[in-house]
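Biologist: Could you take a close look with me at one part of this model, the place where two domains meet? A connected walk-through would be lovely.

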Amino acid sequence: MDDEIFDALVIGGGLAGLAAAWTLADQGKSVLVIEKGDYCGAKNVTGGRLYVSPLLPHLGGLLDNAPFERSISREELCVMSAEGSLTLSYTDSSLAALPGQSYSVCRAKLDRYLARQAEKSGAILATKMRVDELIIEDGAVVGVRSGGEALLARTVICCDGVLSLFPQQAGLRGPLEPRHCAVGIKEVVELDAQLINQRFGVSDDQGAARLFLGDATQGRFGGGFLYTNKESIGLGLVLGIEAFSAEGLDLTAPELLERFMQRPEIAPLIAGGQSVEYSAHVIMEGSFDQLSRLYGNGVLVAGEAAGFSLNAGVTVRGMEYALMSGHLAARAVVETCKRDDFSAQSLSVYQKLLEDSFVLKDFRSHRSVAASLDHERFFGFYPGFVTGLMHDLYRVDGPKQPIYPTVRKHLKASVIKDALFKDLGKVRKL
């Protein structure tokens, strides 16, 4: 490898890196992927959700036969207080139709499949290798150093996750700030496929996704999630690091997850299952204003390394942004190869491609969501208000008020009037 200069060197064999490698190799470009795991997917935990609809026009050849788990045909939202919960369940004919708009996936399976596709197209994958640093000459990235070996490339694409230090080394961003990050903790419970079908009201090819708000995180910024795989259930919590570190939380992250799993909304769904995996992972609380600078002289950043994860309120997305940003980074390299110019000005075509795609359009349109949701009332007060109202509507232990006076009593409370008035402007930004 010492004498070869690759058109692109990709750091990280996850979704972004493999999409970039497949696209580049498919266009006849020489590309090397460096992955520190034993194989692509070895460091990825099971479970997640991928929205494929916006990807198929661009990456259909890569994803057509991918090993997805279940098509998500049922969307659910559970609002929790300490005493109760309200679950909304939605489905329609378009969600139930195949091919689906989104799928649950097992990353270890999916990443290994994508790696095989990239290799079939001509990409070189080097696993069990660690990148130590970027090689920078005259202000431009010209390769990487790995185990004392210099590997040279016309462009380096950083795709090695949210904790990547390489964008910082290239001068594209500063250190990560805790207030812009969250920690995700997850457990995977193995369960018979027919039990999953019965408990979630789905067929063999269909699945459910449920988000949890409120007491799942003891009223702190964050939420819970649950996805059905073919023969397992992935569930867990996402906690804002600042909220989790603040005073008053008397549980550790594993204790909080165990408490969540013992809730009556969860426990019957996983009863009889076998826990097969536990993991924790730092993620960006996606915001347009916190995205890394995406290009420099000889370097591009894609996937989680760039900050491409987005909490849009009722959807939490990241994997499709990783795949698409990797694909567009590759397209940018193909364009700059034609000009034989790998300067930041030339590679700025990547920014334009992202602007024209759903990636940055989504981030722009949701740029205020994270800040709007970052208020304790959304995670503590309102879930308590909703479940308190439902309690009074359904409880019968004597003379019963009609529905309207019951609702009016709750709405007339001074605290709810003050809260609604203060939060109306925030809600309009969701």
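How many salt bridges does the rule find across the interface of domain 1 and domain 2?

Modeller: Happy to! The model is predicted, with local features needing pLDDT of at least 70 and side-chain atom pairs counting only at pLDDT 80 or more, while totals for chains, interfaces and linings use all residues. Residues are numbered from 1 along each chain as its sequence is written, and side-chain values use heavy atoms, leaving out hydrogens and water. Across your interface the rule finds 0 salt bridges (a side-chain nitrogen of Lys or Arg within 4 Å of a carboxyl oxygen of Asp or Glu).

As for the partners, domain 1 covers 5–68 + 105–173 + 292–356 and domain 2 covers 179–284, with bounds from an automatic or database domain assignment. Their C-alpha centres lie 29 Å apart. To the contact (heavy atoms within 4.5 Å), domain 1 gives 16 residues and domain 2 gives 13 residues. About 1,200 Å² is buried between domain 1 and domain 2, and carbon and sulfur atoms give 59% of that area; buried area is the accessible area (1.4 Å probe) that two parts lose on being put together, summed over both.

Disulfides (cysteine sulfur pairs within 2.5 Å) are absent too: a search of the whole structure finds 0. C159 has none because the closest cysteine sulfur, in C158, is 7.3 Å from its own, too far for a bond. C337 is likewise in no disulfide, the nearest cysteine sulfur being that of C159, 16 Å away.
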